Amino acid sequence: QVQIVESGGGLVQPGGSLRLACAASGLTFSAYLITWHRHPLEKEREFVASISPDKKTTEYRGGVLGRFTISRDNTKSTVYLQMTGLKPEDTAVYYCQATNTDNELDVYWGQGTQVTVSS
């Protein structure tokens with residue numbers, strides 16, 4: 001059974017930092033592209049960042065470039081999203097998506113973790 005579990009969310013003041021983790025089990029983690037998405041309240045879900053299975057390729061949405069860093073440890077089947085310089089507009093539920101690079105229909109999602117940036 002595949003499980004994707006996000007953790008690390010919480011309440012932080014503007015300018016603060018958080019590190020989210022996305023832990024996977026039940027799949028060959030090193031074969032999956034991992035993507036962080038977020039869903040702000042009353043807005044559409046949006047792409048945040050992604051990392052290739054071999055760690056060589058990362059992508060970021062423009063608004064987080066330079067503030068967020070995505071990384072992965074395939075030995076721990078975990079992807080991290082280090083977030084610094086947080087802004088109120090970063091407030092959202094953050095979701096982790098795992099996509100099999102050999103079969104893009106093979107996709108799994110986590111349950112999400114809430115990030116709230118407020119003073």
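This text goes through a predicted model of a protein, from its overall form to single residues.

The protein has eleven strands and zero helices. Read along the sequence, its pattern is therefore an unbroken run of β elements, β-β-β-β-β-β-β-β-β-β-β. For a chain of 119 residues, a compact globule would have a radius of gyration near 14 Å, and the protein agrees with this at 14 Å. Along the principal axes, the C-alpha trace spans about 40 × 25 × 25 Å. Of the 119 residues, 43% are buried. The accessible surface of the protein is about 6,400 Å². Carbon and sulfur atoms contribute 47% of that surface. Among contacts with a separation of 6 or more, 52% are between residues 24 or more positions apart.

The strands can be taken next. Strands of a sheet pair through backbone hydrogen bonds, and the pairing is either parallel or antiparallel. One sheet in this model is open and has four strands in the order 1-3-8-7, paired antiparallel. Strand 1 (3–7) and strand 7 (68–73) are the edges of this sheet; each has a single partner strand, so one side of each has no neighbour in the sheet. On average, neighbouring strands here are turned by 15° against each other, direction ignored. Within this sheet, strand 3 (residues 18–25) and strand 8 (residues 78–83) run antiparallel and are joined by six bridges. One of the bridges pairs A21 with Y80 in strand 8.

Strand 9 (residues 92–100) has several pairings. With strand 4 (residues 32–39) strand 9 pairs in the antiparallel sense over eight bridges, and Y32 has N100 of strand 9 as its bridge partner. With strand 10 (residues 103–109) strand 9 shares four bridges, again antiparallel. Here A98 is bridged to Y108 in strand 10. Strands 9 and 10 form a hairpin, with two residues between them. Strand 9 also pairs with strand 11 (residues 113–117), in the antiparallel sense and over three bridges; Y94 has T113 in strand 11 as its bridge partner. How much of strand 9 is buried? Seven of its nine residues are, so strand 9 is largely enclosed by the rest of the structure.

A covalent link comes next. A disulfide is a covalent bond between the sulfur atoms of two cysteines. The model has one disulfide. C22 and C96 form it, with their sulfur atoms 1.9 Å apart. The pair links distant parts of the chain, since C22 is in strand 3 and C96 is in strand 9, 74 residues apart. The torsion about the S-S bond of C22 and C96 is about -70°, so this disulfide is left-handed. Are the two cysteines buried or exposed? C22 has a relative accessible area of 1%, under the 20% limit, so C22 is buried. C96 has a relative accessible area of 0% and is buried for the same reason.

V12 is another buried residue, and it lies in strand 2 (residues 10–12). Its relative accessible area is 11%, which is under 20%, so V12 counts as buried. Which residues is V12 in contact with, leaving aside its neighbours within four places in sequence? They are S17, L18, L86, T116, V117 and S118. V12 and P88 are 76 residues apart in sequence, while their C-alpha atoms are 9.4 Å apart in space.

Two loop residues have backbone angles to note. Most residues other than glycine have a negative phi. E42 is not a glycine, yet it has a positive phi of about 65°. E42 is in the loop between strand 4 and strand 5 (46–51). With a relative accessibility of 80%, over the 50% limit, E42 is exposed. K55, also a residue other than glycine, has a positive phi near 70°. K55 is found in the loop between strand 5 and strand 6 (58–60). At a relative accessible area of 45%, K55 falls between the two limits of 20% and 50%, so K55 is partly exposed.

Definitions and conventions:
Residues numbered from 1 in each chain as written. Predicted model: local features only at pLDDT ≥ 70, side-chain atom pairs only at ≥ 80, totals over all residues. Heavy atoms only, no water. Pairing = 2+ DSSP bridges. Axes fitted to C-alpha atoms, helices over the stretch in contact; angles between N-to-C directions. Buried < 20%, exposed > 50% of the residue type's maximum accessible area, 1.4 Å probe, protein only. Contact = heavy atoms within 4.5 Å. Disulfide = S-S within 2.5 Å. Rg over C-alpha atoms; globule rule 2.2 N^0.38 Å. Areas by Shrake-Rupley, 256 points an atom, 1.4 Å probe, with all protein chains shown as cover.
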